[in-house]
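Please work through the following exercises with the sequence and the three-dimensional structure side by side. Each task is followed by a solution that goes step by step.

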Amino acid sequence: MTYMQGSHKGKLLGGDPDWWRGAVLYQIYPRSFQDSNGDGIGDLVGITQRLPYIAALGVDAIWISPFFKSPMKDFGYDVSDYRDVDPMFGTLADFDALIDVAHGLGLRVVIDLVLSHSSDQHAWFQESRQNRDNAKADWYVWSDPKPDGTAPNNWLSIFGGSAWQWDPRREQYYLHNFLTSQPDLNFHCPDVQNAVLDVTRFWLERGVDGFRLDTINFYVHDKALRDNPALPPEERNASIAPSVNPYNHQRHLYSKNQPENLEFLRRFRALLDEYPGSTTVGEVGDAQRGLEILGEYTAGGDLAHMCYAFELLGAPELTAALIADVFARVDHVAAEGWVCWALSNHDVMRHVSRWNLSEAGQRLMPVLMMCLRGSVCLYQGEELGLEEADVAFEDLQDPYGIEFWPEFKGRDGCRTPMVWDQSNQAAGFSSERPWLPVSDAHLMQTAAHQEGQGGSLLEYYRRALTLRKTYPALVKGTQDRLSAEGTVLTFIRAVAGEQIFCAFNLSHTPTRCAVPAGWAPVEADLDMAVPVGQQVDLGPWQACLLRHTEGEG
């Protein structure tokens with residue numbers, strides 16, 4: 001049945017209302033997960049068909065990237081109707097069925113909410129742009145030009161060029177931090193906040209368990225529209241935008257990250273608190289202050305439940321020193337907050353390619369992630385070892401890649417279809433030509449090929465997730481004595497009398513490290529090193545996990 005707003009209160013899964021703390025989420029990019037109707041584009045029915053596969057991984061929840069009505073200029077991140085499913089993905093009834101099946105399998109459902117901006121085809125913007133005195137005239141960020149006709153200030157779009165677009169109807173500029181077809185909503189307007197909270201309640205009533213909040217730090221802009229200052233070259237990095245993008249040349253003091261955002265997040269959290277067990281994970285996009293903002297947005301229990309930044313997602317290489325530095329900063333600026341860690345997602349190069357990981361390196365990553373303090377998000381195909389696909393220019397769909405080609409090839413390489421089996425060139429994703437081509441290399445890494453094979457990466461991921469659930473210290477425990485000695489990262493996770501010592505060799509070179517005396521190896525079939533006395537020899541990209549329970553030894 002199709003649930004109408006107000007007539008059905010969706011049932012969230014019971015159990016621990018803090019299930020999200022230490023949980024593992026699995027990100028689904030719906031266009032590329034499973035096509036059920038042969039149009040070459042993934043859909044909600046396809047996701048539902050594959051939910052048993054996800055449940056068998058051992059994750060706690062799925063996060064589904066946008067499936068709302070959209071002209072698809074940014075593939076769903078430009079929403080034209082927040083309360084309906086785009087026909088290419090199915091119907092509201094299909095979504096309701098997905099929720100029911102997911103909950104039946106013990107999977108919680110988190111959906112993507114894109115609130116900082118809408119599509120220019122949204123009815124709100126269509127009304128707002130008509131004139132300066134309509135009912136929604138101030139629902140978007142409008143400004144008069146400077147006396148010489150140029151844009152109101154120097155703010156830049158993350159997709160290239162000015163963040164301002166001239167509109168002849170109002171003879172004003174409107175703000176767009178992303179594509180010109182993605183105008184920014186004006187969160188200084190109370191009616192806008194009320195409208196997006198109504199949207200949030202609509203989906204909570206349908207039974208969703210939470211929201212991934214796209215660009216959570218972009219909601220509010222500086223009312224005075226002050227120019228952003230220049231960022232010195234030595235402070236620039238390419239963690240959220242490629243180095244060829246002039247967006248990296250500014251310190252974004254005024255175009256985002258405004259203190260008023262905290263007031264809105266408190267309203268958002270108060271709404272979610274009416275639905276015990278619901279959660280939020282915010283995307284913090286800032287190349288300089290990502291962790292600080294994460295700390296601000298997840299502190300105190302009345303803001304976002306958790307956030308993720310780009311310290312690992314955007315890192316050009318993974319080292320023990322990097323992880324130690326990141327966690328030292330987390331302890332300093334986000335001690336009261338909660339981080340959701342990810343190595344890959346729909347916006348960055350897949351980590352297997354980004355770090356040029358060997359087979360041993362690929363196997364170490366899920367073990368490392370399951371041991372770090374925080375929640376975890378896996379990206380579809382990561383468990384199969386998919387590398388970044390090489391998409392030819394003529395096959396590109398991503399406007400970001402088209403704009404900055406060839407220095408930056410965009411995000412299509414991480415968005416190619418999920419590979420299920422070798423039944424056809426589309427790897428079982430579709431019966432027809434898919435919207436992005438399937439890499440020939442991926443055809444040798446399908447889920448069917450790896451299913452039940454003890455030595456496969458897929459089975460390795462399953463065992464790593466089982467490890468996390470076996471030892472409570474790895475889920476919600478403290479993390480202490482974190483150290484980087486050469487290429488070896490070590491730390492101890494602890495909860496209620498249980499301690500887990502974790503050591504990881506993040507290099508191609510064998511090494512040795514000291515371990516606690518008398519601790520027993522954890523029980524897990526994960527190719528881990530076993531100590532001799534108070535030392536352990538770690539092979540390339542190898543871990544050693546030891547356990548100590550209070551009262552033992």
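## Exercise 1: Trp 203 and the nonpolar cores

Task: list the contacts of Trp 203, leaving out residues up to four places away in sequence, and then place Trp 203 within the largest nonpolar core.

Solution. Taking contact to mean heavy atoms within 4.5 Å, Trp 203 touches Phe 67, Phe 68, Tyr 82, Arg 83, Asp 84, Leu 92, Phe 95, Ile 111, Val 208 and Phe 211. The model is a predicted one, in which local features need pLDDT of at least 70 and side-chain atom pairs count only at pLDDT 80 or more, whereas totals for chains, interfaces and linings use all residues. Residues are numbered from 1 along each chain as its sequence is written, and side-chain values use heavy atoms, with hydrogens and water left out.

The next step is the core itself, where a nonpolar core is a set of buried Ala, Val, Leu, Ile, Met, Phe, Trp, Tyr and Cys residues joined through side-chain atoms within 4.5 Å; buried means under 20% relative accessible area, exposed over 50%, and partly exposed in between, with a 1.4 Å probe and protein chains only. The largest such core has 166 residues, and Trp 203 and Phe 504 touch the most other members. Helix α4 (residues 190–205) gives the most to this core, with eight residues; helices (H or I, at least four residues) and strands (E, at least two) are DSSP runs numbered from the N terminus. Another core, of twelve residues, lies apart from the largest one and includes Ile 492, Phe 501, Val 515 and Ala 529.

## Exercise 2: The surroundings of β13

Task: decide whether the residues of strand β13 (residues 375–379) are buried or exposed, and identify the strands that pair with β13.

Solution. Five of the five residues of β13 are buried, so the strand is largely enclosed by the rest of the structure. Taking the faces in turn, Ser 375, Cys 377 and Tyr 379 are buried on one side, and Val 376 and Leu 378 are buried on the other.

For the pairing, two strands count as paired if DSSP finds at least two bridges between them. Strand β1 (residues 24–28) pairs with β13 in the parallel sense over four bridges, and within this pairing Leu 25 has Cys 377 as its bridge partner. Strand β12 (residues 340–342) is also parallel to β13, over three bridges, with Cys 340 standing opposite Ser 375.

## Exercise 3: The largest cavity

Task: find which element supplies the largest share of the lining of the largest cavity, and describe the composition of that lining.

Solution. On a 1 Å grid over the protein atoms alone, a cavity is a set of points where a 1.4 Å probe fits but cannot get out, and lining residues have an atom within 4 Å of a point. Grid points are joined across faces, edges and corners, and a volume is the space filled by probe spheres set on the points. The count comes to three cavities of 30 Å³ or more, and the largest cavity holds about 70 Å³ of space.

Its lining includes Leu 291, Leu 294, Tyr 308, Glu 311, Cys 340 and Trp 341. Both α6 (290–298) and β12 supply at least two lining residues, and the largest share, three residues, comes from β12.

With Ala, Val, Leu, Ile, Met, Phe, Trp, Tyr, Cys and Pro counted as nonpolar, Asp, Glu, Lys and Arg as charged, and the others, Gly among them, as polar, the lining divides into eleven nonpolar residues, no polar residues and one charged residue.

Key. On a 1 Å grid over the protein atoms alone, a cavity is a set of points where a 1.4 Å probe fits but cannot get out, and a pocket is an open set with protein on both sides within 12 Å along at least five of seven lines; lining residues have an atom within 4 Å of a point.
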